[in-house]
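Biologist: I'd like to learn how to read a structure like this one. Could you walk me through a few features?

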Amino acid sequence: MSQNILKSSLENASFNIIFQILCRGVTFVLNAFVVRHVGQAVLGVINVRLLLLESMILFLSREPFMKACLTNTAEHNWAQVVNLLWMTVPICCVMSVTFGYIWLFVLSASEALPSYYVFAVWAVALSCIIDLSSLIVQLVATAYLFVRLKIILDTIMIAIRTLTFVPLILYNPENALFAFGVAQLVAAIFYTTSHYAYFHYYIKNINKYKLKRRMSLKDNSDEYVVREFPFRAVKDFLPGQLENKGPYLDKKLSILTWSFFRQGILKQILTEGERLIMTVMPVLTFTEQGTYEIVNNLGSLAARFIFRPIEESGYFYFTQMIKRDKEISDQSPIKVQESVNVLTHMCSAVTSIGLVVLVFGQSYSSTLLWLYGGTKLTSYLPILLMRAHCLAILLLGINGVTECYTNATADSGTINKSNLIMIYESIAFLGASYLFAIWRYKDTIYRPLRGLVPKPMFSASLLVAALITNVSHAYFFPDEKVLHLVIGVIMFIIVLVSWIYEHHDLIRLGTNKWYERRNRHKKSD
């Protein structure tokens with residue numbers, strides 16, 4: 001069963017990376033479209049104020065419950081889980097009204113707000129409530145490894161939101177916020193109804209046949225999930241419908257949820273700090289905020305495309321492999337060894353990616369900004385901000401992996417201790433996650449965080465690349481952009497080859513899995 005979880009987690013990470021690339025690609029195109037047809041001021045309102053509102057509501061009302069309820073799903077009393085997750089809807093209603101009022105009547109602005117701002121605020125709040133009404137179905141899809149369902153529905157949702165937003169902008173560019181609000185509502189309604197519609201169809205079929213669903217999208221092997229599906233009708237997703245011989249709520253899950261909620265408040269402030277400052281203290285105009293968001297989105301490409309899917313899949317994997325309330329020495333050695341290997345490879349991968357971004361970002365930030373926005377984005381400040389993002393990406397990658405492991409395996413007491421550290425500064429939380437991962441294995445032979453230390457040849461190639469690309473930037477940019485870019489490509493290939501040479505075990509593992517899958521596919525044909 002542990003191999004099934006690992007396979008599904010890897011598969012989920014792969015598809016999530018592809019989905020994030022698609023999602024961010026569409027976002028970049030939309031941002032350029034909005035700037036061209038409406039202006040940077042409207043882009044600043046949408047990407048800073050309105051998306052911050054959505055982030056505040058959803059993160060605080062959804063993330064704590066999802067993190068807690070993803071823990072050891074095989075042993076869930078699903079009646080209690082359903083009851084707990086439906087509490088997110090009234091919580092979301094309260095937060096939507098509270099934050100909506102603040103966004104409309106408390107926050108000040110350095111200039112006039114665009115038309116339909118009020119409508120857009122309430123549309124975002126209502127879309128969050130609609131989205132959370134299907135949270136239990138989303139959790140079931142994750143717990144029972146419906147990888148294809150999530151990817152397909154997320155992709156269709158983005159397509160629907162885009163196809164709703166763009167025509168309305170073309171029809172009337174002055175009402176951009178109206179178009180944004182309508183697109184948010186349409187996408188949320190589709191996402192919620194499609195989840196329930198799929199499981200209505202799915203339950204209808206499994207009531208006729210015994211549940212034997214394939215774990216992998218591409219495998220044609222005889223490997224199936226045989227866990228009993230607890231829901232017999234769509235109404236079972238509503239609170240109080242499933243048979244429950246215990247209390248209305250699971251006490252342990254409730255305590256864990258409260259710990260994650262307290263942590264979430266602190267983490268949200270740290271994560272969205274710059275948007276909060278720009279919103280609460282409007283020292284920048286909306287046009288300047290729009291420019292900042294363009295640079296910020298470009299600077300966070302690696303974090304959004306690669307690190308976040310890895311963290312989400314890693315979190316689910318570790319929650320199923322490691323027990324929160326048991327010492328490592330008292331758990332299954334096979335599961336512990338496998339989870340250590342996975343954590344080591346994750347640490348090595350994100351550290352390598354972060355170092356490559358840091359080295360090449362110092363010399364090619366100006367080139368990237370010029371390609372995206374022309375000369376108006378190649379002034380000193382945007383380039384400096386982009387270079388700083390490159391360092392942040394390295395820290396985000398390391399923090400994300402250690403944090404996902406900490407949150408997946410720590411008990412509520414440990415999580416509460418890390419919350420106190422988060423109050424002071426975010427870098428202390430990075431240290432807390434790192435130290436916890438070390439402490440977790442202090443009395444064993446396992447050292448998974450050694451993967452954070454880059455290997456000698458890879459480190460040497462990065463130093464050489466940093467020297468050569470900085471010299472190239474000094475001599476050839478901006479007059480000889482093509483030559484500067486060619487030098488960067490050559491040095492990147494050298495760095496990549498050195499990494500592959502020193503991580504041949506990881507490459508071999510990946511190729512062996514690919515050959516096994518291909519051979520099973522040929523046999524089935």
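Modeller: We'll take helix packing, burial and cysteines in turn, and keep in mind that this is a predicted model.

Biologist: Let's start with packing. How do you describe helix 11 against helix 14?

Modeller: In general, two packed helices are described by the angle between their axes and the distance between those axes. Here, helix 11 (residues 286-299) and helix 14 (residues 380-409) pack at about 35 degrees, with axes 9 Å apart. The crossing of helix 11 past helix 14 is right-handed.

Biologist: Which residues in helix 11 and helix 14 meet?

Modeller: From helix 11 you have Tyr292, Val295, Asn296, Leu298 and Gly299. They meet Pro382, Leu385, Met386, His389 and Ile393 of helix 14. Sorted by class, that contact has seven nonpolar residues, three polar ones and no charged ones.

Biologist: Now burial. Is helix 3 mostly covered or mostly uncovered?

Modeller: Buried means under 20% relative accessible area. Helix 3 (residues 78-85) is mostly covered, with eight of its eight residues buried. Those are Trp78, Ala79, Gln80, Val81, Val82, Asn83, Leu84 and Leu85.

Biologist: And the cysteines: how many disulfides does the count come to?

Modeller: For a disulfide, two cysteine sulfur atoms must lie within 2.5 Å. By that rule the count is zero. Take Cys347: its nearest cysteine sulfur belongs to Cys404 and is 8.7 Å away, so Cys347 is in no disulfide.

Biologist: Why does Cys347 count as buried?

Modeller: Because its relative accessibility is 0%. Cys390 counts as buried too, because its value is 5%.

Definitions and conventions: Residues are numbered from 1 along each chain as its sequence is written. This is a predicted model: local features need pLDDT of at least 70, side-chain atom pairs count only at pLDDT 80 or more; totals for chains, interfaces and linings use all residues. Side-chain values use heavy atoms; hydrogens and water are left out. Buried means under 20% relative accessible area, exposed over 50%, partly exposed in between (1.4 Å probe, protein chains only). Helices (H or I, at least four residues) and strands (E, at least two) are DSSP runs, numbered from the N terminus. Axes are lines fitted to C-alpha atoms, for helices over the stretch in contact, and angles run from 0 to 180 degrees between N-to-C directions. A crossing is left-handed if the near helix is turned anticlockwise from the far one by less than a right angle, and right-handed if clockwise. Contact means heavy atoms within 4.5 Å. Ala, Val, Leu, Ile, Met, Phe, Trp, Tyr, Cys and Pro count as nonpolar, Asp, Glu, Lys and Arg as charged, and the others, Gly among them, as polar.
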